[in-house]
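These are my notebook entries on one protein model. I record below what I looked up and what I found.

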Amino acid sequence: MWTHIAVSYDLATAKFYINGVLTATVTGTASVVASPGKLALGKKVVTDVTTDTTLPSFAIDELRIWNTILDATAIQSRMSATLTTNVAGLFHLFSFGPDSGACSPLTMETFGSTYMDIGPTELQALYNLYWSTGGLDWYSQTSWLNGKPCSGSTPLWYGVDCDSNGRIITLNLAYNNLVGSLPPSMFAPFSKLSILMLDHNSLSGSIPIDIGYLTSAVTILMQSNSLTNIPTTIGKLSVLSKLYLQDNKIAGTIPDIFSAMTSLTYLYAQNNILTGSIPASISASTSIKYLDLSYNQLSGSLSYALVNSKISYVCRTEIQLSILI
């Protein structure tokens, strides 16, 4: 049996709800800590790195953090609903299992420590991806959800490669009938991921902002989907060489995020719904060699240094561009 637990706090009163019913009220003031720390669910944090030794006997399906106060009516209307980060006031959403309720128990083995860092592990993130994108209907799904993705560096799941420590370094699910939106906390666990290939599927909605955690990524291919945004956090990926976003439904302006992307060589974003001017950080780039922003509604200029000897290919078809000398 699942139980929904909610707590609201307005810096004066804490209210506790069980299955949407107010069961306790506690008054008192306390400061909200803004600095990072450890959060334990169901047990006491003794120090920043240890907790008590008693592990709770329960499972967690989902954790939601709101930046607004919810009353009983709001809690009752949301507690059984499947939400996304687009819901007003929903600050963070952490899903630990599929909507079927078959989620992993909270144990030291699951989270790899005596405390729990909020956020999915690589294994949990792959589970979430599978259920969010219609994994049962993928063209290839060999061994998915069966044990672990790899045994050391030996891959076991289709499309996954790992290093000698079992950390995922390649995720290739291109041309595999992924349908739906990417989970909100999709990328944060994959700090060792070098190659991400999700191209030529039917992915829709936003690219999660935690893509900025892919700090080892060299190649990101997400072309030929129906994705709608370019997260500013992509600008944190300093070793990224290839970024393919063409043939999507990305609208709005291109964010000016490319200054720190000093390894970026290929930037393809043609055939979207991009508007406005070309960011200065693209024009000033000394690393981009292949650039295609055609078939959008862009205007502006590219520096002569970028277009002349420092770039091998630039497509200006259907773009109102000038070259600054």
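The entries run from the overall make-up to single residues.

**Entry 1. Overall make-up**

I began with the origin of the coordinates: this is a predicted model. I then looked up the secondary structure and found five helices and 22 strands in the protein. Of the 325 residues, 41% are buried. I also looked up how contacts spread along the sequence. Taking contacts between residues at least 6 apart in sequence, I noted that 43% join residues at least 24 apart.

**Entry 2. The disulfide**

I searched the whole structure for disulfides and found one. Its partners are C150 and C162, with sulfur atoms 2.0 Å apart. The pair links distant parts of the chain, as C150 belongs to strand β6 (residues 150-151) and C162 to strand β8, twelve residues apart. Which hand does the disulfide of C150 and C162 have? The torsion about the S-S bond is about 80°, so I entered the disulfide as right-handed.

I next checked the accessibility of both cysteines. C150 has a relative accessibility of 9% and counts as buried. C162, at 6% relative accessibility, counts as buried. The cut-off I applied for buried is under 20% relative accessible area.

**Entry 3. The salt bridge**

I looked up salt bridges and found that the structure holds one. The partners are R167 and E122, and their closest N and O atoms are 2.9 Å apart. Which parts of the chain does the pair tie together? I placed R167 in the loop between β8 (160-162) and β9 (168-172) and E122 in helix α3 (residues 122-132), so the salt bridge ties together parts that are 45 residues apart in sequence.

Is E122 buried or exposed? E122 has a relative accessible area of 10%, so I recorded E122 as buried. R167, with a relative accessible area of 26%, is partly exposed.

**Entry 4. Helix α3**

I stayed with the helix that carries E122. I listed its buried residues: in α3 they are E122, Q124, A125, L126, N128, L129 and Y130. For reading such a list I noted the general rule that an α-helix has 3.6 residues a turn, so residues three or four places apart point the same way. I then looked just past the end of α3, where G134 takes a positive phi of about 65°.

**Entry 5. Cavities**

I looked up enclosed spaces and counted three cavities of 30 Å³ or more. I examined the second largest cavity, in which about 40 Å³ of space lies. What residues line the second largest cavity? I, L, A and F side chains appear in the list: I230, L243, L245, I254, F258, L267, A269 and L293. By class, I recorded eight nonpolar residues in this lining, with no polar and no charged residues.

**Entry 6. G28**

I closed with a glycine in a loop. G28 sits between β3 (21-27) and β4 (62-66). At 35% relative accessibility, I entered G28 as partly exposed. Which residues does G28 touch, leaving out those up to four places away in sequence? The contacts are Y9, L11, A12 and T13. For one of these, L11, I also looked up the backbone separation: the C-alpha atoms of G28 and L11 are 7.6 Å apart, while the two residues are 17 residues apart along the chain.

Key: Residues are numbered from 1 along each chain as its sequence is written. This is a predicted model: local features need pLDDT of at least 70, side-chain atom pairs count only at pLDDT 80 or more; totals for chains, interfaces and linings use all residues. Side-chain values use heavy atoms; hydrogens and water are left out. A salt bridge is a side-chain nitrogen of Lys or Arg within 4 Å of a carboxyl oxygen of Asp or Glu. Helices (H or I, at least four residues) and strands (E, at least two) are DSSP runs, numbered from the N terminus. Buried means under 20% relative accessible area, exposed over 50%, partly exposed in between (1.4 Å probe, protein chains only). On a 1 Å grid over the protein atoms alone, a cavity is a set of points where a 1.4 Å probe fits but cannot get out, and a pocket is an open set with protein on both sides within 12 Å along at least five of seven lines; lining residues have an atom within 4 Å of a point. Grid points are joined across faces, edges and corners, and a volume is the space filled by probe spheres set on the points. Ala, Val, Leu, Ile, Met, Phe, Trp, Tyr, Cys and Pro count as nonpolar, Asp, Glu, Lys and Arg as charged, and the others, Gly among them, as polar. Contact means heavy atoms within 4.5 Å. A disulfide is a pair of cysteine sulfur atoms within 2.5 Å.
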